[in-house]
Amino acid sequence: MRAQSSATAPTRIAVTTPARTATTGILQAALGVVAFSLTFPATAWGLEGFSPWALIAARTVLAAMIAGGCLLALRVPLPGRRHWPGLAVVAAGVVVGFPLLSTLALQTSTTAHAAVVVGLLPLTTALCSALRMGTRPSRTFWTAALVGAAAVVAFAVRQSGGALTAADLYLFAALLVCAAGYTEGGRLARLMPGWQVIGWALVLCLPLAVPAAAVALAYEPVRLTAHSVAGLLWVAAGSQFFGLVVWYRGMAAIGIPRASQLQLAQPLLTLVWSVLLLGEHLTVAAPVTAAAVLVCIAVTQRARS
């Protein structure tokens, strides 16, 4: 009887349920948003001691060294030839394009004004995903996304006075290249681990970043302070590497459109950090906008993408 009982007993097999995968993906994408929300304040700190060109080149070199060290330590093989064009898009969009353009904008723009880009980025990423990967989010999804993006943009524009400047051109250009990089990175993260996507994209930029950093640091004034060093280290290790690792993993798990909507909270987080780290002041509209954005995020996460 014991043998029969043990033979007929059901075997328990540990499986990862779709619900658990979705929850993990949401948490990873949210962690990436938190890391990204510190990028603009950290960049403002970095600009206290570095020129825009030196800051971008140095952050790319440091992030590429971290990524390259991880790839070498784990003996990760080179990606297949078919993946390199996609990695080049990621490198051009999120490693070089967005950091450079947003840093140039922050020379004359406040972090609150720069948050306009982040407010529009989820919607732009979803649109780019629909064009690139053929995704078709529901009407409810798009309605909530548009309302959330409009709330964030209205808040950010009101904070900055609503005037269009040369910095806006940098910000809109940064928006487009970053959305393309996010979309391509999310697609590649389904084919290889997310950290390898950003890792190889960073390594791909290293041959250009090293001479650029050498020239910029040699010919442009550098003033090392606690703020400038901390800002450089965060945008290199936190924003450029760690944040993108968890972000791409999250996008691979829950899909690019749904993950991108979590970024609706990023401008508000950036404004919080701006108050705490840069001494900027917020209006009473902040909690109202935060509540509206949280409702929109809840709707988009429930909407079928």
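## An all-helix model, starting from one arginine

Arg-75 has a relative accessibility of 76%, so it counts as exposed; here exposed means over 50% relative accessible area, buried means under 20%, and partly exposed is whatever falls in between (1.4 Å probe, protein chains only). This arginine sits in the loop between α4 (52–73) and α5. Its backbone is a bit unusual to look at too: Arg-75 is not a glycine, yet its phi is positive, at about 55°.

A word on the ground rules. This is a predicted model, with local features needing pLDDT of at least 70 and side-chain atom pairs counted only at pLDDT 80 or more, while totals for chains, interfaces and linings use all residues. Numbering runs from 1 along each chain as its sequence is written, and side-chain values use heavy atoms, with hydrogens and water left out.

**The overall picture**

The fold has 13 helices and zero strands, where helices (H or I, at least four residues) and strands (E, at least two) are DSSP runs numbered from the N terminus. The radius of gyration is 21 Å, close to the 19 Å that the globule rule gives for 305 residues, so the protein is as compact as a globular protein of that length. That radius is taken over C-alpha atoms, and the rule itself is 2.2 Å times the number of residues to the power 0.38. Along the principal axes, the C-alpha atoms fill a box of roughly 85 × 45 × 35 Å.

Of the 305 residues, 51% count as buried. Take the contacts (heavy atoms within 4.5 Å) with a separation of 6 or more, and 93% of them join residues 24 or more positions apart. About 14,500 Å² of the protein is exposed, with carbon and sulfur atoms supplying 69% of that; the areas come from the Shrake-Rupley method with a 1.4 Å probe, and for residues only the protein chains shown count as cover.

On charge, there are 18 positive and 5 negative side chains, and the centres of the two sets lie 27 Å apart. Lys and Arg count as positive, Asp and Glu as negative, with His and the chain ends not counted; each charge is placed at NZ of Lys, CZ of Arg, CG of Asp or CD of Glu.

**Aromatic pairs**

Rings of Phe, Tyr and Trp (its six-membered ring) pair if their centres lie within 6.5 Å; planes under 30 degrees apart are stacked, over 60 edge-to-face, and the rest tilted. That rule gives five aromatic pairs. Phe-36 and Trp-247 have ring centres 6.0 Å apart and planes at 75°, so this pair is edge-to-face. Phe-36 is in helix α2 (residues 18–37) and Trp-247 in helix α10 (residues 226–254), so the pair ties together parts that are 211 residues apart in sequence. Both Phe-36 and Trp-247 are buried. A second pair, Phe-40 with Phe-98, is stacked, at 6.3 Å centre to centre and 20° between the planes. This one also links distant parts of the chain, from Phe-40 in helix α3 (residues 39–46) to Phe-98 in helix α5 (residues 84–105), 58 residues apart. Back with Phe-36, that ring shares one aromatic cluster with Tyr-182 and Trp-247.

**Around α3 and beyond**

Seven of the eight residues of α3 are buried, so this helix is largely enclosed by the rest of the structure. Among the buried ones are Thr-39, Phe-40, Trp-45 and Gly-46. Helix α12 (residues 266–278) contributes Thr-270, which touches Ser-37, Phe-40 and Pro-41, leaving aside residues up to four places away in sequence.

Ala-209 belongs to helix α9 (residues 194–219). With the same sequence neighbours left out, Ala-209 touches Ala-57, Thr-60 and Val-61. Ala-236 is 27 residues from Ala-209 in sequence and 13 Å away in space, C-alpha to C-alpha. Leu-127, meanwhile, lies in helix α6 (residues 111–133), and its C-alpha is separated by 27 Å from that of Thr-110, 17 residues apart along the chain.

Here is how some of these residues come out on accessibility:

| Residue | Relative accessibility and class |
|---|---|
| Leu-127 | 44%, partly exposed |
| Phe-98 | 13%, buried |
| Ala-209 | 7%, buried |
| Phe-40 | 3%, buried |
| Thr-270 | 1%, buried |
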